[in-house]
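Biologist: I am new to this model and would like a close look at a single part of it. Please choose one strand, and take me slowly through what surrounds it.

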Amino acid sequence: MEHADRLPNAFPWRTATVVVGVVAAVELVALIGIGATRLAAPLRAHAKAAAVQVHHAAASQPVRHVAAVPTHPLRLRSALSVLVLNGNGINGAAGAEAGTLQTLGYGAARSEDAPRHDYARSMVLYVPGYDTEARRLARDAGVRMVAPLDGIRRASLKGSTLVVVLGGS
């Protein structure tokens with residue numbers, strides 16, 4: 001009968017198993033890295049070729065030139081007629097604002113009472129074609145709201161192209 005020789009010291013099986021497992025894991029990571037670089041090279045070349053084709057296709061198409069929207073130069077302040085409406089109910093507010101606008105160079109600035117006196121915010125209203133001048137007037141008067149003229153008949157404007165409605169703020 002054959003007998004195994006006894007080892008003088010106990011063999012460290014657990015330590016050996018852990019070392020072999022770590023070596024195997026490192027080899028696995030290395031193989032995955034090599035495989036990824038091998039697979040990525042043809043994909044990268046294909047992506048570059050596709051990008052060059054798209055660039056050449058886009059370059060061969062004719063370029064469309066869009067005409068700019070014709071703009072008119074801003075009209076002089078002295079050529080504008082402004083109607084200031086008192087919409088906050090404070091006596092003399094519209095007259096004072098009309099005077100301020102005339103000192104800024106605006107032409108005929110008239111003041112009247114608005115149909116209502118409960119406007120929360122001041123605003124600048126304009127007739128069609130005067131939107132850029134209305135924005136300039138709003139900047140000059142410190143008003144943040146600018147809108148096209150709505151709800152006021154042209155006859156009640158008395159020839160004005162811009163309207164400032166004074167509100168609570």
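Modeller: The answer below sets out the whole protein briefly and then stays with one strand and its surroundings.

This is a predicted model, in which local features need pLDDT of at least 70 and side-chain atom pairs count only at pLDDT 80 or more, while totals for chains, interfaces and linings use all residues. Residues are numbered from 1 along each chain as its sequence is written, and side-chain values use heavy atoms, with hydrogens and water left out.

The protein has three helices and five strands, where helices (H or I, at least four residues) and strands (E, at least two) are DSSP runs numbered from the N terminus. Followed along the sequence, these elements give the pattern α-β-α-β-β-α-β-β. Of the 169 residues in the protein, 24% are buried; buried here means under 20% relative accessible area, exposed over 50% and partly exposed in between, with a 1.4 Å probe and protein chains only. Among contacts with a separation of 6 or more, 76% are between residues 24 or more positions apart, a contact being heavy atoms within 4.5 Å.

The part I have chosen is strand 1 (82–86). Because five of its five residues are buried, strand 1 is largely enclosed by the rest of the structure. Both of its faces are covered, with Val82, Val84 and Asn86 buried on one side and Leu83 and Leu85 buried on the other. Alongside, strand 2 (109–113) runs parallel to strand 1 and is joined to it by five bridges, where two strands pair if DSSP finds at least two bridges between them. Within this pairing, Leu83 has Arg110 of strand 2 as its bridge partner.

Val82 shows what lies around the start of the strand, since, residues up to four places away in sequence aside, Val82 touches Leu101, Tyr106, Ala108, Ala109, Arg110, Leu137, Ser160, Leu162 and Val164. 

The view widens next to the nonpolar core. In soluble globular proteins, nonpolar side chains tend to be buried together. The largest nonpolar core here (a set of buried Ala, Val, Leu, Ile, Met, Phe, Trp, Tyr and Cys residues joined through side-chain atoms within 4.5 Å) has 30 residues, and those touching the most other members are Val82, Val84, Leu101, Leu137, Leu162, Val163 and Val164. At least two residues of this core come from each of strand 1, helix 2 (93–103), strand 3, helix 3 (131–141) and strand 5 (162–166), and strand 5 gives the largest share, five residues.

Helix 3 has its own buried residues, namely Glu133, Ala134, Arg136, Leu137 and Ala138, and strand 1 is one of the elements covering them, together with others that include helix 2, strand 3, strand 4 (145–148) and strand 5. Strand 3 is likewise buried on both sides, with Met123 and Leu125 pointing one way and Val124 and Tyr126 the other. Four bridges join strand 3 to strand 4 in a parallel arrangement, and Val124 stands opposite Val146 of strand 4.

From the other end of strand 1, the picture passes to an open space. The largest pocket holds about 280 Å³, and its lining has 15 residues, of which Leu85, Pro115, Gly151, Ile152 and Ser156 are the closest to its centre. Strand 1, strand 2 and strand 3 (123–126) are the elements that each give two or more residues to this lining. A pocket, on a 1 Å grid over the protein atoms alone, is an open set of points where a 1.4 Å probe fits, with protein on both sides within 12 Å along at least five of seven lines, and lining residues have an atom within 4 Å of a point. The volume is the space filled by probe spheres set on the points, which are joined across faces, edges and corners.

Finally, Arg116 lies in the loop between strand 2 and strand 3 and is partly exposed, with a relative accessible area of 43%. Its C-alpha is 9.7 Å from that of Leu85, although the two are 31 residues apart in sequence. Neighbours within four places in sequence aside, Arg116 is in contact with Asn86 and Gly87, and with Asn86 we are back on the strand where this look began.
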